[in-house]
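Here's a walk through one structure, taken a piece at a time. Keep the model open beside you and follow along.

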Amino acid sequence: MNDLRPQKNRFANRRKLLSVQRDAKDLAQRIRERLSPDKKKELRVLLDEQHPADLADAILFMKSPEEALVLDNLSIEEAAELLDEVDADTRKEMLKDATPEWLAEVIE
């Protein structure tokens, strides 16, 4: 098993919204506006600025296809953190189409 101590604070430099529903909806909309392939760099910049807990809150206001696109644009570490932050039902929905190989990487 990998030593997780060096990674413990890897998101510490990202601003956490301490979400209010309005903030989470706003973030979901900002993500949604950047989901097209021609805005991939803009999406990456936005995702890089977000704390996993805030992404989890925003995911609650997105549809399954949008959730999948967000997951596709996250690193394995970011995806693992996001999945750790969402509730069990949301996690199940987000993982329903995941490949076994991808899931193995996320769990590792």
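Let's start at a single residue, Ala80, which you'll find in helix 5. Bear in mind that you're looking at a predicted model. Ala80 is partly exposed, with a relative accessible area of 25%; the cut-off for counting as buried is under 20%, so Ala80 doesn't make it into that group. Now look across to Leu103: it sits 23 residues away from Ala80 along the chain, and the two C-alpha atoms are separated by 9.3 Å.

So which residues of helix 5 are buried? Helix 5 covers residues 76-85, and its buried residues are Glu78, Ala79, Leu82 and Leu83. They're on the same side of helix 5, because the arc they cover around the axis is only 130°. That buried set has plenty of partners: it packs against helix 2 (40-48), helix 3 (52-59), helix 4 (64-72), helix 6 (88-95) and helix 7 (100-107).

Time to zoom out. The protein chain has seven helices and zero strands, so reading from the N terminus you get α-α-α-α-α-α-α. Of its 108 residues, 32% count as buried. As for how the chain comes together, take the contacts between residues at least 6 apart in sequence: 68% of them join residues at least 24 apart.

Helix 3 is a good next stop. How many of its eight residues are buried? Seven are, so helix 3 is largely enclosed by the rest of the structure. The buried ones are Pro52, Ala53, Asp54, Leu55, Ala56, Ala58 and Ile59. They pack against helix 1, helix 2, helix 4, helix 5 and helix 6.

One of those partners, helix 1, deserves a closer look. Two packed helices are described by the angle between their axes and the distance between the axes. For helix 1 (residues 21-32) and helix 3, the axes come within 8 Å and cross at roughly 85°. Angles from 65 to 115 degrees count as roughly perpendicular, and that is therefore how helix 1 and helix 3 lie to each other. On the helix 1 side, the contact is made by Ala24, Leu27, Ala28 and Ile31, while helix 3 brings Asp54, Leu55, Asp57 and Ala58. Sort the residues of this contact by type and you get six nonpolar, no polar and two charged.

Stay on helix 1 and turn to helix 2. Here the axes come within 9 Å and cross at roughly 155°. An angle over 145 degrees counts as roughly antiparallel, so helix 1 and helix 2 are roughly antiparallel. Leu27, Arg30 and Ile31 of helix 1 meet Leu43, Leu46 and Leu47 of helix 2. This contact of helix 1 with helix 2 divides into five nonpolar residues, no polar ones and one charged. Notice a bit of sharing: Leu27 and Ile31 of helix 1 take part in the contact with helix 3 and also in the contact with helix 2.

On to helix 4, where Glu66, Glu67, Val70 and Leu71 are buried. The arc they cover around the axis is only 140°, which puts them on the same side of helix 4. Flip to the face turned away from that buried side and you'll find the exposed residues Pro65 and Asp72. The buried residues of helix 4 pack against helix 1, helix 2, helix 3, helix 5, helix 6 and helix 7.

Pick out Glu66, which lies in helix 4. Is Glu66 buried or exposed? Glu66 is buried, with a relative accessible area of 15%. What does its side chain reach? The side chain of Glu66 gets to the backbone nitrogen of Lys63, at 2.8 Å. Setting aside its neighbours within four places in sequence, Glu66 is in contact with Arg32 and Leu35.

Last, swing over to the loop between helix 6 and helix 7, where Asp97 is found. Asp97 is exposed, with a relative accessible area of 66%. The C-alpha atoms of Asp97 and Ala68 are separated by 8.5 Å, with the two residues 29 apart along the chain.

Methods
Residues are numbered from 1 along each chain as its sequence is written. This is a predicted model: local features need pLDDT of at least 70, side-chain atom pairs count only at pLDDT 80 or more; totals for chains, interfaces and linings use all residues. Side-chain values use heavy atoms; hydrogens and water are left out. Buried means under 20% relative accessible area, exposed over 50%, partly exposed in between (1.4 Å probe, protein chains only). Helices (H or I, at least four residues) and strands (E, at least two) are DSSP runs, numbered from the N terminus. The arc is that of the directions from the helix axis to the C-beta atoms. Contact means heavy atoms within 4.5 Å. Axes are lines fitted to C-alpha atoms, for helices over the stretch in contact, and angles run from 0 to 180 degrees between N-to-C directions. Angles under 35 degrees count as roughly parallel, over 145 as roughly antiparallel, 65 to 115 as roughly perpendicular and the rest as oblique. Ala, Val, Leu, Ile, Met, Phe, Trp, Tyr, Cys and Pro count as nonpolar, Asp, Glu, Lys and Arg as charged, and the others, Gly among them, as polar. A polar contact is a pair of N or O atoms within 3.5 Å; within protein, one must be able to donate a hydrogen and the other to accept it, and residues adjacent in sequence count only if both atoms are side-chain atoms.
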